[in-house]
Amino acid sequence: MFIGGEPLNNQVLLWWNFVADNKAEIEQSIIDWNNGHERFGNVDSDMKRLPAPELLQGFKG
C-alpha cells in the first residue's frame with residue numbers, strides 16, 4: 001500500500017497492529033487488546049485471538 005499527502009504535523013507511532021500519537025496510547029492499546037476490550041470489536045471466527053506483544057526495551061514514544 002502506498003499512501004501520499006501532506007506530512008503530518010505530529011509524531012506517529014506504530015507497534016504491531018496499533019497506531020498512536022504517543023507511547024502511552026500504544027501501551028493502553030496492548031492492554032485493551034489482550035483483555036478483549038470492546039473497542040476492538042468481535043470477529044466471527046473459530047480462530048484464537050493472538051495476544052499483542054509487549055513493547056520492546058528501548059521503544060521510543
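**Exercise 1.** Leaving aside neighbours within four places in sequence, which residues is Trp33 in contact with?

*Solution.* The structure is a predicted model. Once the neighbours within four places in sequence are set aside, the contacts of Trp33 are Trp16, Phe18, Phe40, Arg49, Leu50, Pro51 and Ala52. Two of these partners, Phe18 and Ala52, also belong with Trp33 to the largest nonpolar core.

**Exercise 2.** Determine which residues make up the largest nonpolar core, and which element gives the most to this core.

*Solution.* Step one is to list the members: Leu13, Trp15, Phe18, Ala20, Ile26, Ile30, Trp33, Ala52 and Phe59, 9 residues in all. Step two is to assign them to elements: β1 (13–15), β2 (18–20) and α1 (23–34) each give two or more residues. Among these, α1 gives the most, with 3 residues.

**Exercise 3.** Classify Trp16 as buried, partly exposed or exposed, and describe its backbone.

*Solution.* Trp16 is placed in the loop between β1 and β2. Its relative accessibility is 32%. Buried requires under 20% and exposed over 50%, so Trp16 counts as partly exposed. For the backbone, most residues other than glycine have a negative phi. Trp16, however, has a positive phi, near 55°.

**Exercise 4.** Identify the residues of the nonpolar surface patch that includes Leu8, and state where Leu8 is placed.

*Solution.* The patch is formed by Leu8, Val12, Leu14 and Val19, which together have about 420 Å² of accessible area. Leu8 lies in the segment before β1. Its relative accessible area is 62%; the cut-off for exposed is over 50%, and Leu8 is therefore exposed.

Definitions and conventions. Residues are numbered from 1 along each chain as its sequence is written. This is a predicted model: local features need pLDDT of at least 70, side-chain atom pairs count only at pLDDT 80 or more; totals for chains, interfaces and linings use all residues. Side-chain values use heavy atoms; hydrogens and water are left out. A nonpolar core is a set of buried Ala, Val, Leu, Ile, Met, Phe, Trp, Tyr and Cys residues joined through side-chain atoms within 4.5 Å. Buried means under 20% relative accessible area, exposed over 50%, partly exposed in between (1.4 Å probe, protein chains only). Helices (H or I, at least four residues) and strands (E, at least two) are DSSP runs, numbered from the N terminus. Contact means heavy atoms within 4.5 Å. Patches are made of residues with over 30% relative accessible area and no salt bridge: like charges are joined within 9 Å, nonpolar side chains (Val, Leu, Ile, Met, Phe, Trp, Tyr) within 5 Å. Accessible areas come from the Shrake-Rupley method with a 1.4 Å probe; for residues, only the protein chains shown count as cover. A salt bridge is a side-chain nitrogen of Lys or Arg within 4 Å of a carboxyl oxygen of Asp or Glu.
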